[in-house]
Amino acid sequence: MDKNIKILIVDDFSTMRRIIKNLLRDLGFNNTHEADDGATALPMLEAGDFDFVVTDWNMPIMQGIDLLKAIRKSPKLKAMPVLMVTAEAKREQIIEAAKAGVNGYIVKPFTAATLKAKLDKIFERFE
Amino acid sequence: MVEETKKILTVDDLDEIKCLVEAGMQEEAVAKLCSLSNSCCQTKCGQVFEQVGTLTRDLHNAIKAFAEDERIQVIAKVDMPRASERLASIIEMTNKAASRTLDAVDACDPLVKQLQNGVDKLLPAWNALMHGRIDRDNFVTLCRNVDVLIHSTQNNAKNLCEELNTILLAQDYQDLTGQMIQKVISLVAEVEEKLLTFLKNFTDEEKSITKDDAQQGLTPQGPALESVKEQTENVASSQDEVDDLLASLGF
């Protein structure tokens, strides 16, 4: 797995962004960037050469599910792997995310092992 | 109600109408029927008006009692704003605690890495020494490197202790926010009780509201409450359940 891939972490709480950033760093991914909601993230993704998105669901302005749908609609971004890390755990929400084309779904609170397992699974598919 | 209606409408009345119709006196029959029907209506309407009146009075009294309840006044004007303030400061305190902890963890990281790297660098020469296969020059170099590691570790260990202490102290938010949350919980319970008392005046039986009524569709709910997880199968209560659901969808 290429550890230099450029990753965007999208969450409205800076604490959660830092936790995910630190966990990713421990796994060897140092090229991480941050956005605080979907509306900030989307232009960054369109403009930058990101390889992977980790996003929360519940955020102000543009929610994670809408960001995911926008990514799948964009000709440039549609193939980008998206991992959802969220406290939302209702069955219809998980199904909705799956329908929208999510690549992994982690419910908060989560462990470093869960994050690693989901990343491995996602990249296994993309390699 | 049936009793009163009977008083207005009697068999004699009906017999009279029957006789009139049989005698071919249509007009008189209709007139009698109309007058009977009028008096029936009046009685019925009177009952309805009376019921509306009672309801209006009850509603007025309940609203008045609710509005004049001094405790309600205090809740609305003092306790509620304070509760909002408490919740806002809980967000701030937990945010600060998380930042302090994460800062400390970030500060620990290079110290631990330095220790790791130092040991990794020493290991080959150290292993050689342990197996008695080290020459004088390498032994001297090893001693110097050990000396460097000892001194830097002494310093780093002190710094690590300080950072761990910071992490420890940052947890004091649990006690402080816990006390504030208790206050808010007791206020919510009190308001809940008052609202239920108010509602009970106007409902014969408690309408059962399923917990799901309050959280329809895809609107984000935040972390699922334990009580919700227990009551419904609609919420995944662990990562394993999420994985199973996704697997069933072909993931």
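**Interface between chains A and B, and the interior of chain A**

In the interface, B:Asp106 forms a salt bridge with A:Arg25, and the closest N and O atoms of the two residues are 3.9 Å apart. The model is a predicted one, and the rule finds five salt bridges across the interface of chain A and chain B. Polar contacts were also counted between chain A and chain B, giving 12 residue pairs in which both members have a pLDDT of 80 or more. On the side of chain A that touches chain B, at least two residues each are supplied by helix α1 (14–26), helix α4 (91–100), strand β5 (104–107) and helix α5 (112–126). The largest share of this side comes from α4(A), with seven residues. By residue class, the side of chain A that touches chain B divides into 11 nonpolar, eight polar and 10 charged residues.

The contact as a whole involves 29 residues from chain A and 30 residues from chain B. The area buried between the two chains is about 2500 Å², and carbon and sulfur atoms give 55% of this area. Of the area that chain A buries against chain B, 24% is supplied by A:Arg18, A:Lys90 and A:Arg91, which is more than any other three residues supply.

Turning to the interior of chain A, strand β4 (82–86) is largely enclosed by the rest of the structure, because five of its five residues are buried. In a regular strand the side chains alternate between the two faces of the sheet. Both faces of β4(A) are covered, with A:Val82, A:Met84 and A:Thr86 buried on one side and A:Leu83 and A:Val85 buried on the other. Strand β4(A) pairs with β3(A) in the parallel sense over three bridges, and A:Val53 stands opposite A:Val82 in β4(A).

Strand β3 of chain A also holds A:Thr55, which counts as buried because its relative accessibility is 1%, under the 20% cut-off for a buried residue. When neighbours within four places in sequence are left aside, A:Thr55 is in contact with A:Val82, A:Leu83, A:Met84 and A:Val85, and also with A:Val10, A:Gly64 and A:Leu67.

Two of these partners, A:Gly64 and A:Leu67, are themselves buried in helix α3 (residues 64–73) of chain A, as are A:Ile65, A:Leu68, A:Ala70 and A:Ile71. The buried residues of α3(A) pack against strands β1 (7–10), β3 (52–55) and β4 (82–86), and against helices α2 (38–47) and α4 of chain A. Helix α4(A) therefore takes part in this packing and also gives the largest share of the side of chain A that touches chain B.

Notes. Residues are numbered from 1 along each chain as its sequence is written. Chains are lettered from A and ligands numbered from 1 in the order in which they are written. This is a predicted model: local features need pLDDT of at least 70, side-chain atom pairs count only at pLDDT 80 or more; totals for chains, interfaces and linings use all residues. Side-chain values use heavy atoms; hydrogens and water are left out. Contact means heavy atoms within 4.5 Å. Buried area is the accessible area (1.4 Å probe) that two parts lose on being put together, summed over both. A salt bridge is a side-chain nitrogen of Lys or Arg within 4 Å of a carboxyl oxygen of Asp or Glu. A polar contact is a pair of N or O atoms within 3.5 Å; within protein, one must be able to donate a hydrogen and the other to accept it, and residues adjacent in sequence count only if both atoms are side-chain atoms. Helices (H or I, at least four residues) and strands (E, at least two) are DSSP runs, numbered from the N terminus. Ala, Val, Leu, Ile, Met, Phe, Trp, Tyr, Cys and Pro count as nonpolar, Asp, Glu, Lys and Arg as charged, and the others, Gly among them, as polar. Buried means under 20% relative accessible area, exposed over 50%, partly exposed in between (1.4 Å probe, protein chains only). Two strands pair if DSSP finds at least two bridges between them.
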